[in-house]
Amino acid sequence: MTHSESRPNRDIADELAALRGLVEGTAGHTGQEFFQSLVRHLAAAVGTRYAFVAVFAGGTRVRT
C-alpha cells in the first residue's frame with residue numbers, strides 16, 4: 001500500500017477519533033456545562049487553543 005492510499009483511511013480514523021472525543025466529552029453534561037465542554041473538546045479536535053460556539057438569535061445576530 002502506498003502512502004497516498006493509506007492517507008484517506010488515516011483521515012477517517014482521525015475524524016472518527018475527534019468525533020468520539022466530542023461525544024464522550026459532552027455526554028455527561030447539560031446546559032452551560034455542555035457548551036463549555038463542547039468548546040473545549042471542539043478546540044482540541046481541530047487543534048486550536050480557542051474556539052467558540054454561537055446560536056443564531058434572529059436575522060444575522062448570534063449569541064455566544
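Ala, Val, Leu, Ile, Met, Phe, Trp, Tyr, Cys and Pro count here as nonpolar, Asp, Glu, Lys and Arg as charged, and the others, Gly among them, as polar. With these classes, the lining of the largest pocket has 6 nonpolar, 3 polar and 1 charged residues. The model is a predicted one.

Stay with that pocket. Its volume is about 250 Å³. Which residues line the largest pocket? Gln 32, Phe 35, Gln 36 and Val 39 are among them. Phe 52, Val 53, Ala 54 and Val 55 also belong to the lining, as do Arg 63 and Thr 64. Arg 63 is charged, because Arg belongs to that class. Helix α2, residues 31-46, gives the most to the lining, with 4 residues.

One lining residue, Phe 35, leads to the aromatic rings. The structure holds 1 aromatic pair. Phe 34 and Phe 35 form this pair, which is edge-to-face. The ring centres are 5.2 Å apart, and the planes stand at 80° to each other. The edge-to-face label applies because planes over 60 degrees apart count that way. How exposed are the two partners? Phe 34 has a relative accessibility of 27%, so Phe 34 counts as partly exposed. Phe 35 has a relative accessible area of 43% and is therefore partly exposed too.

Phe 34 also links to another residue, Thr 26. Thr 26 lies in helix α1. Is Thr 26 buried or exposed? At 9% relative accessibility, Thr 26 counts as buried, because the limit for buried is under 20%. Leaving out residues up to four places away in sequence, Thr 26 touches Phe 34, Ser 37 and Leu 38.

Leu 42 offers another set of contacts. Leu 42 sits in helix α2. Its relative accessibility is 28%, so Leu 42 counts as partly exposed. Which residues does Leu 42 contact, leaving aside neighbours within four places in sequence? They are Leu 22, Ala 51 and Val 53. Val 53 also appears in the lining of the largest pocket. Leu 22 is 20 residues from Leu 42 along the chain. Their C-alpha atoms are separated by 6.5 Å.

Now turn to helix α1, which spans residues 3-26. The structure holds 1 salt bridge. Arg 20 forms a salt bridge with Glu 24. The closest N and O atoms are 3.5 Å apart. This pair qualifies because the cut-off is 4 Å. Both residues lie in helix α1. They are 4 residues apart, about one turn of the helix. Arg 20 is exposed, and Glu 24 is exposed as well.

Two other residues of helix α1 give a sense of distance. Ile 12 is found in helix α1. With a relative accessible area of 47%, Ile 12 is partly exposed. Ile 12 and Ala 45 are 33 residues apart along the chain, and 13 Å separates their C-alpha atoms. Arg 10 has its place in helix α1 too. Its relative accessible area is 43%, so Arg 10 is partly exposed. How far apart in space are Arg 10 and Thr 60, C-alpha to C-alpha? The distance is 37 Å, with the two positions 50 residues apart in sequence numbering.

Definitions and conventions:
Residues numbered from 1 in each chain as written. Predicted model: local features only at pLDDT ≥ 70, side-chain atom pairs only at ≥ 80, totals over all residues. Heavy atoms only, no water. 1 Å grid on protein atoms, 1.4 Å probe; cavity = no way out; pocket = protein on both sides within 12 Å on 5 of 7 lines; lining within 4 Å. Points joined across faces, edges and corners; volume = space filled by probe spheres on them. Salt bridge = Lys/Arg side-chain N within 4 Å of Asp/Glu carboxyl O. Buried < 20%, exposed > 50% of the residue type's maximum accessible area, 1.4 Å probe, protein only. Contact = heavy atoms within 4.5 Å. Phe/Tyr/Trp six-rings, centres within 6.5 Å; stacked < 30°, edge-to-face > 60°.
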